[in-house]
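Biologist: I have just opened this one and have not found my way around it yet. Could you walk me through a few parts of it?

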Amino acid sequence: MPASQSNSLAALKELYTGESFMKDLVYKKNPFYAVVPKDESPDGLAGKYIPVPLQYSYPAGRSATFADAQANERQADLASFFVYRVANYGVARIANDLIEATRGNAGAFVDAAKLQVDGAIRNLANDIALGLFGTGDGSRGRISTFSSSGAGASGTVIVLTDANDVVNFEVGMVLVASLTAGGAVSDDTMTVTRVDRVTGTLTGTLSDGTADTEWAADSYLSVDGDVIVAGGSTSTGANDGTGYLKITGLSGWLPTAVPGTDSFWGVNRSNDRTRLAGNYFDGSAESVEEALIDGTVRVAREGGEPDMAFCTFQTWAALEKELGAKVQYVSVKHDTADIAFKGLTVNAPYGPVTVIPDRSCTSRTIYCLTMESWKLRSLGKCPHILTYGKEGLEGARVDTADSLEVRVGMYGNLTCNAPGWNIRIATSV
């Protein structure tokens, strides 16, 4: 049968069913994303938000004296995080002349179109993986130095404060800047034309002739559209369904500090900083091994039984060198996708902890986690091809271009029902 738009897309769809594309395009280089428990059912994050309840104190009516136990009776303290669903999208366009040129050969169409669709899936998957370690504010890195020769010329140069953050940037990205994380963003944008992954330098083109004040040292960089406001408005900067557009990841659930006026998904976590916002340990003055051991002791004291830890490749390498002859390697397999990740183990009070490097992890940080307390909740696969209720893979006609558009998306967020069973550890490397 000659290849038409519909049967060509149907042939392409066969490549994106089951777990194979999740393994190769989504999970392969994103270990935390792969192994975190998931609820991808239709009810995974249905409704406007999902309540995540927990108890952070016990009834106070206890004493060796009965009258005092009665007099001091007080109900247990309960909290419920009302976690909102966020959306994220990737698009791939297939030129109509490609469809026409391969009308008699669906296989040729698939080979050519697959490159574009694969790229859209990888782009979205990498962004989700980064978000799983973030706060929700959309920041991808900070500016150390900025220089520009004006609009239209590829003479805008940004040196990142942390060169490791260069993994969060790609040629072609359209960036905005803000003075605060998740705050008001610049009116102008910068399109990245070159990335130096050794020095952590971005080169690009500004949309305006004069850079806005947001393009300055210590400012934050995000992708255009990842921050809820633009051009001088002020974001609420809150994880409450009205502030942040991105997944609230480990940095949001396990912060380094909690203000007294904190409101995280509707909860003031300063009432019990540890049980509501997790443990934090500054191990930057110790070796990585010592920091990890001391951190696991602290979380064990709070009742947590951490079984996995995630860090950058630099931190993992330092730990591997420190362990020397004591190092023990382990392979961690994904439950459904045929994929495994190499880790090393460190003994903790409740058993060994597997440490895995993840390129999306926060620099100089180890997240030591009780994995059963986490869940990535989403409406359907995270991500999946958007079909808008129709059967098969659908292509939308683009009004302003001679092409079809295949859309990939996710609707969900990360939840934790026991932050106190987890710990964020600051390290020296």
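Biologist: Let me start somewhere specific: which residue is the bridge partner of Met308 in strand 15?

Modeller: Before anything else, please keep in mind that this is a predicted model. The bridge partner of Met308 in strand 15 is Thr354. Met308 belongs to strand 12, residues 308-311, which runs parallel to strand 15, residues 351-357, and four bridges join the two strands.

Biologist: And what sheet do they sit in, in what order?

Modeller: They are part of an open sheet of seven strands with mixed pairing, and the order across the sheet is 11-21-16-12-15-14-13. At the edges are strand 11, residues 279-282, and strand 13, residues 329-333, each of which pairs on one side only. Ignoring direction, neighbouring strands of this sheet are turned by 30 degrees against each other on average.

Biologist: Which strands does helix 10 touch there?

Modeller: Helix 10, residues 313-323, packs on the sheet and touches strand 12, strand 13, strand 14, strand 15 and strand 16. The direction of helix 10 makes about 55 degrees with that of strand 14, which covers residues 340-348.

Biologist: What about helix 9, at what angle does that pack against helix 10?

Modeller: Helix 9, residues 288-301, and helix 10 pack at an angle of about 100 degrees, and their axes are 8 Å apart. Angles of 65 to 115 degrees count as roughly perpendicular, so helix 9 is roughly perpendicular to helix 10.

Biologist: Which residues make that contact?

Modeller: On the side of helix 9 they are Val288, Glu289 and Leu292, while helix 10 contributes Thr315, Ala318, Leu319, Glu322 and Leu323. Sorted by class, this contact has five nonpolar residues, one polar residue and two charged residues.

Biologist: Changing topic, I keep noticing rings. How many aromatic pairs does the structure hold?

Modeller: The structure holds 14 aromatic pairs. One of them is formed by Tyr89 and Tyr411, an edge-to-face pair with 6.1 Å from centre to centre and 75 degrees between the planes. Tyr89 lies in strand 4, residues 86-95, and Tyr411 in strand 20, residues 403-416, so this pair ties together parts that are 322 residues apart in sequence.

Biologist: Are those two buried or exposed?

Modeller: Tyr89 counts as exposed, because its relative accessibility is 52%, whereas Tyr411 is partly exposed, with a relative accessible area of 23%.

Biologist: What is another pair, with the planes at 25 degrees?

Modeller: That would be Phe146 and Trp215, whose ring centres are 5.8 Å apart and whose planes are at 25 degrees, so the pair is stacked. This pair also links distant parts of the chain, since Phe146 is in strand 5, residues 141-147, and Trp215 is in the loop between strand 9 and strand 10, 69 residues apart. Phe146 is partly exposed at 22%, and Trp215 counts as buried at 5% relative accessibility.

Biologist: Which residues do ring pairs link into a cluster?

Modeller: The cluster is made of Tyr49, Phe81, Phe82, Tyr84, Trp253, Phe264, Trp265 and Trp374. Some of these residues come up again around Thr248, whose contacts include Trp253, Phe264 and Trp265.

Biologist: Where is Thr248, then, and is it buried or exposed?

Modeller: Thr248 sits in the loop between strand 10, residues 220-223, and helix 7, residues 250-253. With a relative accessibility of 1%, Thr248 counts as buried.

Biologist: And what does Pro51 touch?

Modeller: Leaving out residues up to four places away in sequence, Pro51 touches Ser80, Phe81 and Phe82. Pro51 lies in strand 2, residues 49-55, and counts as partly exposed at 43% relative accessibility. From C-alpha to C-alpha, Pro51 and Val83 are 6.3 Å apart in space, although they are 32 residues apart in sequence.

Biologist: Last one: how many residues of strand 9 are buried?

Modeller: Six of its six residues are buried, so strand 9 is mostly covered, going by the cut-off of under 20% relative accessible area. Strand 9 pairs in the antiparallel sense with strand 6, residues 156-160, over four bridges, and Val157 stands opposite Thr203 there. Strand 8, residues 190-196, also pairs with strand 9 in the antiparallel sense, over six bridges. In the hairpin of strand 8 and strand 9, which has four residues between the strands, Gly200 takes a positive phi near 70 degrees.

Methods:
Residues numbered from 1 in each chain as written. Predicted model: local features only at pLDDT ≥ 70, side-chain atom pairs only at ≥ 80, totals over all residues. Heavy atoms only, no water. Pairing = 2+ DSSP bridges. Axes fitted to C-alpha atoms, helices over the stretch in contact; angles between N-to-C directions. Contact = heavy atoms within 4.5 Å. Parallel < 35°, antiparallel > 145°, perpendicular 65-115°, else oblique. Nonpolar A, V, L, I, M, F, W, Y, C, P; charged D, E, K, R; others polar. Buried < 20%, exposed > 50% of the residue type's maximum accessible area, 1.4 Å probe, protein only. Phe/Tyr/Trp six-rings, centres within 6.5 Å; stacked < 30°, edge-to-face > 60°.
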